[in-house]
Amino acid sequence: MGAQLRVYKRRIRSVTATKKITKAMEMIAASRVVKAQRKVAASTPYAQELTRAVTAVGTGSNTKHPLTTQAETVVRSAVLLLTSDRGLAGAFNSSAIKTAEKLTERLEREGKEVEIYIVGRRGVAHYNFRERKITESWGGFTDQPTYADAKKVAAPLIEAIEKDTAEGGVDELHIVFTEFVSMMTQTALDDRLLPLSLEDVAKEAAPQGEILPLYDFEPSAEDVLDALLPRYVESRIYNALLQSAASKHAATRRAMKSATDNAGDLITSLSRLANAARQAEITQEISEIVGGSAALADASAGSDR
Amino acid sequence: MAAELHVALVAADREVWSGEATLVVARTTSGDIGVMPGHQPLLGVLESGPVTIRTSDGGTVVAAVHGGFISFADNKLSLLAEIAELSDEIDVQRAERELERAKAEGDAAAERRADVRLRAATAR
């Protein structure tokens, strides 16, 4: 076998192996998307009921709470960025990071200090590489986040917002995550989570202007709101984590699908080249044989004379 | 037909139980509260504790609930909990082990959680 042909054969073998791997990863990601979507759906009843309850307290009483009061001048804001632990997901992480960068820029233009909180090792690596300060980071659960993880993330954020600005607390909290629109579309977006606007929550809970009954609060409206708002924030963060996870798997699936397709194309063009090389080799061998026998014939014809 | 109320027991990551009931007893921060059909609209903070639901077919559902809320309006009752387990889902041996470990480590929160689980499991 000629040298050229051997090189092609070797490349075809390696691309075939890669294709098998990417195909497997595509299928794994596809099954995980479905699982993640199911988790999003399973968490919806809780989120809905919680939203209703927050609305009920918000409209049924004039209670003030640090999580709902807008600071007069915002000195410091926190940005929570949700990325994934692992790559191979196309533009998933880079577009989330880009959105966070844009938001940070905007907030800094408005004269606010920005503290960044990151979920997922990819985001952490990005910020560490640029030697930028991360206030707090988490990792290891982005593929399958649980409610306990959301609580873990929410706790320091709620603490920071309840602290006085002078003592290093923050005045508002933004969240950057990737919304799962559909299997094909996932968009990175930023959203202001805190301070919470009760009017917005009310709109979300009852878009048709449904009137909520006058509730009896047990033990009191303040205590209920005190207990309710942190849970609401946790549930929002949980939802964002789940959507990010679903988006990540969808992005991985798409990236792996195009990798598989590319590998297929590569195999086709390499086999064409290998066939041509083999044909050229055969042609050359034949012409060598023909040439050789002609030379022999010529030589023997000459000796005859 | 006896008056009924619709109950939904929802944990953060799933719906644990839903159905019709005649009486629900839960523990709020200011004491046990029983809700029957036609109760005044109510929103309360729950303590860790067992929740008893008397279903309309005469059965009883007991669940261990850790933190959360009870809300009632229009004959619909929702129990929101961060963690909720039905009594027949609770692994008694595991809860006992956890209770012992929590006691040994002096972890009051874990001890209470395990204790609530055990009480819910034995109440069935």
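**Figure 1. Where strand 6 of chain A meets strand 4 of chain B.** Strand 6 of chain A and strand 4 (residues 42-46) of chain B run parallel and are joined by three bridges. Keep in mind that what you're looking at is a predicted model. To find one of these links, start at A:Asp216: its bridge partner in strand 4 of chain B is B:Leu42. As a reminder, strands of a sheet pair through backbone hydrogen bonds, either parallel or antiparallel.

**Figure 2. The wider contact between chains A and B.** Zoom out from that strand pair and the contact takes in 24 residues from chain A and 24 residues from chain B. Which elements give two or more residues to chain A's side? They are helix 1 (3-60), strand 6 (216-218) and helix 6 (221-304) of chain A. Helix 1 of chain A supplies the largest share of that side, ten residues. Sorted by class, the side of chain A that touches chain B comes out as 17 nonpolar, two polar and five charged residues.

**Figure 3. The open five-stranded sheet of chain A.** Read across this sheet and the strand order is 3-2-1-4-5, with mixed pairing. Why do strand 3 (136-138) and strand 5 (186-194) of chain A each have one side without a neighbour in the sheet? Both stand at the edges with a single partner strand, so there is nothing in the sheet on the other side. From one strand to the next, the twist averages 20°. Further in, strand 1 (residues 76-82) and strand 4 (residues 172-180) of chain A pair in the parallel sense, over five bridges. A handy place to pick up this pairing is A:Ser77, whose bridge partner in strand 4 of chain A is A:Glu172.

**Figure 4. Helix 3 of chain A and what it packs against.** This view follows residues 121-129, where A:Arg121, A:Arg122, A:Gly123 and A:His126 are buried. What do the buried residues of helix 3 of chain A pack against? Their neighbours are strand 1, helix 2 (92-109) and strand 2 (113-119) of chain A. Just past the end of helix 3, have a look at the backbone of A:Glu131, which takes a positive phi of about 50°.

**Figure 5. The two domains of chain B.** Chain B is assigned a domain 1 (5-87) and a domain 2 (90-122). Their C-alpha centres lie 22 Å apart. Where the two touch, nine residues come from domain 1 of chain B and eight residues from domain 2 of chain B. On the domain 1 side, strand 5 (49-55) and strand 6 (60-73) of chain B each chip in at least two residues. Strand 6 of chain B gives the largest share of that side, with four residues. By class, the domain 1 side has four nonpolar, four polar and one charged residues.

**Figure 6. Residues 76-112 of chain B, with B:Arg94.** An unreviewed UniProt entry labels this stretch of chain B "coiled-coil region". In the model, the chain over residues 76-112 is 51% helix and 30% strand, with its end C-alpha atoms 29 Å apart. B:Arg94 sits in helix 1 (residues 92-105) of chain B. Is B:Arg94 buried or exposed? With 11 other C-beta atoms within 10 Å, B:Arg94 counts as exposed, because the cut-off for that class is 12 or fewer. For a sense of distance, B:Arg94 and B:Gly34 are 60 residues apart along the chain, and their C-alpha atoms are separated by 30 Å.

Note on methods. Residues are numbered from 1 along each chain as its sequence is written. Chains are lettered from A and ligands numbered from 1 in the order in which they are written. This is a predicted model: local features need pLDDT of at least 70, side-chain atom pairs count only at pLDDT 80 or more; totals for chains, interfaces and linings use all residues. Two strands pair if DSSP finds at least two bridges between them. Axes are lines fitted to C-alpha atoms, for helices over the stretch in contact, and angles run from 0 to 180 degrees between N-to-C directions. Two residues are in contact if their C-beta atoms, placed from the backbone, lie within 7 Å. Ala, Val, Leu, Ile, Met, Phe, Trp, Tyr, Cys and Pro count as nonpolar, Asp, Glu, Lys and Arg as charged, and the others, Gly among them, as polar. Domain bounds come from an automatic or database domain assignment. UniProt positions are given in the numbering used here, feature names are shortened, and annotations may be inferred rather than shown by experiment. A residue is buried if 20 or more other C-beta atoms lie within 10 Å of its own, exposed if 12 or fewer, and partly exposed in between; C-beta atoms are placed from the backbone.
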